[in-house]
Structures are given as C-alpha cells and as structure tokens.
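Thank you all for coming. I would like to walk you through one structure this morning, taking the pieces in turn, so please have the sequence and the model in view as I speak.

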Amino acid sequence: MNLSCLIKNTTQGKGKKISLLENVASEQYQDIDVDITSIHANAGEVKPGGLFIAIKGFKADGHDYIEQAIANGAAAVVIQHSIEKQYKTVVIEVQDTRKAMSEISASFYGYPSESMVLIGITGTNGKTTTAYLLESILKSGGYKTGVIGTVNFRYEDKIFDNPVTTPESIDLQRILNNMRDAGVTHVVMEVSSHAIDLHRVRDCSFDVGVFTNLTQDHLDYHKSMDAYFSCKKRLFTEQLKRGKKAQKSTAVINVNDSYGQIIVNNIYNNDNTNDTCTRIITTGTAPTTEYTKTITEVANLTTKESSFTTKETPSTKFASDQTKSKTATTRNKKHTPHIFSSDITDDISGLRGNIHIGSECTIEFQSRLTGLFNLENILCAAGSAHALGIHPEIIKKGIESCHGVPGRLERVENLAKRYVFVDYAHTPDALESILKTLRMRAPARLITIFGCGGDRDKSKRPIMGEIACKYSDITIVTSDNPRSEDPKAIISEILEGIKNINMHRSDDALKKTCSYENSPFNNSCQLNNSGWLYESGRLYESGQMQIIVEPDRAKALETAVRISQANDIIVAAGKGHETYQITAQGKIDFDDRVVLGQALIKHAFVMEN
C-alpha cells in the first residue's frame, strides 16, 4: 500500500484531519510515496519495505530504536517528537504515535471491523465468562464467530495464545483481518482499560459495547478509581460513537453495578449535546433497580430506543455530586432493566430460573455456572444477543450449551471426595464473589490458596488477605506471579490485612491441622522456614479458621490437598487458566489444574484411609 494512501486521513486526536505528509522531518525528500508492505512497532521485527512506528512505552522508547528499524529495511518511520539525526528514510512526525498506529493499522488492513459484527466487553470482572457465553449463543445461531480475550484468541477451531487481554492495535487489526478473510461474521472481544487508554481499539467499529462491573484493580496504572472508571466508560461515551456504526451502536449495561448506572446517565446526557445516538439495553438480577436519574434524562427518554419505566421513589442516592448533570437536578427513580431474571435457584450444580426480555418474552434456562456474579454475566450475554436481534430460543440454547469457562470456577475432577476448583479471581471483588458463592455451598471446610501479582496494584493486597480469611476455614497465602518483586514481601503486605483478625503464631495448632505423619508442615514450623500458621479466635461452623504461609505455590497447592478432608472445598485463586508463572527469573511452566491433579493422585491413598 502506498504511504500517502495509508496515512492521508490519519487524525491527531483533536477532531481535525491533517496530512501527515506536511510534517516530513526532512524537506530534501520530495518523493515520499513509498510502498509499505508491513507495519511494526518493534524495531527488531521490521522487514524490508515496512513502516516502523516509534512508540514511547513504559520500559523502552521506540525512538531509541529507529536506527535498528532502518537497518532492518524500514521504508518509512513515524515519530512522536523531533529527532536531531537525519536519515535517508522517510520520517513522519505526528502528535501521538499510539493514535496514529491505531489509525494506520486499521487503514493498512482495510478496516476489518466495519465488515463484521463486533461486540466489545469491558469491566473489571466477568469479561471472559460473558465472552464465552456470547460465543456459545452466536454459534448456536449458526454464526461464524471469533473471540479475542484473556484466555486466547480463536476462530474456525483455531486457537492462538494471547499474551494480553486486548492486543496492540497492529496485532488487533491483523487478527480481525485474518478473521474476516476466514469468513468470520461476528467477533466477541474483551476490551481492557489499558486497551482503551492506549488507543488499541480506537479504530475498531463496535456494534455493541457491554459493561459488566467495576471494582478495584489496575490502580498501579490508573492511580485512582475515578481515573479507572473514566477510562472504562469511554468505550460507551466515546468509542461507540466513532466510525460508520455510530448511529446504530448499542450499549448493554449491567445496572446491578452502581458504575453501570452512572454510565447510563452519562450516555444520555452526552447524547443531548451531539448528533449521534447510542441505544441502551440494561440488565439486572431484579425486576426493578433503584437509582438516581437526571430530569433532563427522563425528559428525553421518548427520543431513545429504550423502554425505561420510572416513577418517583424515596431512596438513598447512589450518585456522587461529581456524577450529576451540571444542567439538571436529580431525582431518585426506579428503573426496570430491559433484561432481568426471576425465580432463580443457585446451588453447587448451577443456576436455574427465568430471563425476561422486557415485556416481550420469558426464557426458562439452566446453566452449569453458579453464583450471582455468573447470573449477571449470563444477563449481559443475553442482553448483547438481544441487541443483535437473536431469537430468544437461540439465546436459551447458547446459555445452556456453555458448560464452563477455563479457569473460572473450573472444576478439577477427582475421586477423593473433594470439591476442587481453580479461578482467575485476582481482584478483591472477584475473590469475595467466588468465596461467598463457595462458602454458601460448602458441605465441609473451605480451603483457599491465593496470592497477589507482583509489579501490580499493591493497595489491594491487604484487602484480599482480609477477604480470604473472612470466608475461608483455612487460608494458604502463597505466590501468584511475583514478577520482579520478592514473593515474601508481597505476602507480608497481604498479611497486613489479616492483623485486624487478631492473629498469633501457633505451631501446635499447625500440626493439628494435619492428620498424617508425613505432613509437609513437619519441616516448616520454624519462623524462618517456608511455612507459618496463624490462628484466630474467629469461628465458622466448620471449625476454627487457620492461616498458612507458603511462598512456593506448588507446595501450597499440595499442602491444601494433603490437609483436606472428605467433602472439603479447595479453591486456588488468582491464576485460573494460566499455564505459566512469572518470577524474577523469567516465565516457567505452571498450571494450577495440573499441580492440583497430581497432588490429588499422589495423596489419594492417604485420603482414602
């Protein structure tokens, strides 16, 4: 593709289209319409005829690798700030290379999202499960479906590793292009806050945007919950209104979550001041959801494709002053979600009940997924399918055909009479959700193994420690992906949240937790060795809660199996589907499911006796 064709309509993020050719760094090159055969952000991957885009990253700056890119054959280079050295290669300066990279990538691959149905799912938790559910629904309807998400990206029975939830824009547009070429008609994509903030999805044309929830995570990056939320909601207040699909895009919002309610208000208030219109479909687990709505929003309901039912009701406002409309007062309202559930039974075997699609119809469904959080995910998937005009019977079939999600309360089958699960829960809310769900169903004790990731939000570590101890009979604190941090330092910060539970060290109690002579604890009871136990006076029905510290995750998982008894629930949280562990020494093969399975086999004879 000619360079001029590739970049002539690139914007600089200020609503004004400019010709980047006007910003060529060296005027001596008059003929710059070179042929571009590939695009790259990694100088080491540049091929002859390629376009290199210099991105200022968190650990490295692409501008420092321009010479390497040129040496590898770059036909042109895009930069974000002026450079002193002159090159015999075309150099183009733009205001934001990340935005330019997104736009150039979409142009290079022929804007693939415009010719497919694209559903973007964002939220702290539930993205992956909602994506699997929606994939199942779409496939049940006979649609050729692709998925891009945390676990992998896949289409046409092909599965590819995905190192991040939402790929960089070059990779993303390439994947979408390959899906389009393979005949994919519908794509379900998990959209991370990083992807929104770093403009990875800037030039994706979405038909539907889905909001699952918002809870604490990624504060190492966003610094505050306000900034984190502001980033997430841009998918709905900005992204859905970009491109050729803007007039028909739909926002599917979980209004069980208070942040979802704010997004609904924001969409309406923004629509009052521009020409585009986003249709809203709300989901909730109850027939009515009480929250604050602005008067201007209520006055304009008739102009939207919406079926809000509102009436005055005294209640406590959920909205803070900063979320109120600047031009309208607020009143507390009751809202009837467009998609809601009723008569729900939720037990260890799964969810059963009804899904109501407005006043149109009711779907009676059953699912192997369990827990309120999964009910919300199911409703989000149903709302998305409804937005696409999929028949209710197909929605029902798809929900019931989704038998599980890798690493999301995934069961590790065994003959040892233990209920063993792995889950990706790595945020306070996600951990509390799964432990609440399992606590309610625990026939005996609940044993939780978890840690916190290194080089990530440190503020959630003590919170997660307190949550784990609150719901578990035995908590084993271990390593997650420590990355460059010292695992013991991470664990110490987790234990800060447990101080409120009045813990003290007790070797005797430690030994009592194990009924086998060859206990892994026999050599780990000293203060400076790898295992400690703390004991609190807090009691559960199943007995006295205990805490064990074991930095080695493999040993921690085996410990959980060894000290377990018949009918105990064991849950390993934090890593879920991951098949690796990242340490200061690098990435190693590690799969909670495999390690637990091996431990269950290894200790099967002891368990039976």
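Let me begin with a pair of strands: E10 is joined to strand E11, residues 250-254, by four bridges, and the two strands run parallel. Within that pairing, Gly209 stands opposite Ala251 of E11. I should say at once that this is a predicted model, and I ask you to keep that in mind throughout.

Now let us widen the view to the sheet. The two strands belong to an open sheet of eleven strands with mixed pairing, and its order is E8-E7-E6-E9-E5-E10-E11-E12-E15-E16-E17. At its edges are strand E8, residues 158-160, and strand E17, residues 361-367, each of which pairs on one side only. On average, and ignoring direction, neighbouring strands of this sheet are turned by 15 degrees against each other.

What lies across strand E16 and E17? That is helix H12, residues 392-401, and it runs at about 10 degrees to E17. H12 also meets a helix, H4, residues 127-140: their axes come within 7 Å and cross at roughly 130 degrees, which makes H4 oblique to H12. The crossing of these two helices is right-handed. On the H4 side the contact involves Leu133, Ser136, Ile137 and Ser140, and these meet Ile394, Ile395, Lys397, Gly398, Ile399 and Ser401 of H12. Sorted by class, the residues in this contact are five nonpolar, four polar and one charged.

A second helix pair can be described in a similar way. Helix H14, residues 460-471, packs with helix H15, residues 487-496, at an angle of about 60 degrees, and their axes are 6 Å apart; the two are therefore oblique to each other. Here too we have a right-handed crossing, as H14 passes H15. H14 contributes Arg461, Pro462 and Gly465 to the contact, while H15 contributes Ile490, Glu493, Ile494 and Glu496. By class, that contact has three nonpolar, one polar and three charged residues.

Finally, let us return to E10 and follow the chain to a single residue. Thr215 sits in the loop between strand E10, residues 208-211, and helix H7, residues 219-222. Is Thr215 buried or exposed? Its relative accessible area is 14%, so Thr215 counts as buried, the cut-off for that being under 20%. Leaving aside residues up to four places away in sequence, Thr215 touches Thr124, Asn125, Met225, Tyr228, Thr427 and Asp429.

Conventions. Residues numbered from 1 in each chain as written. Predicted model: local features only at pLDDT ≥ 70, side-chain atom pairs only at ≥ 80, totals over all residues. Heavy atoms only, no water. Axes fitted to C-alpha atoms, helices over the stretch in contact; angles between N-to-C directions. Parallel < 35°, antiparallel > 145°, perpendicular 65-115°, else oblique. Left-handed = near helix turned anticlockwise from the far one by under 90°. Contact = heavy atoms within 4.5 Å. Nonpolar A, V, L, I, M, F, W, Y, C, P; charged D, E, K, R; others polar. Buried < 20%, exposed > 50% of the residue type's maximum accessible area, 1.4 Å probe, protein only. Pairing = 2+ DSSP bridges.
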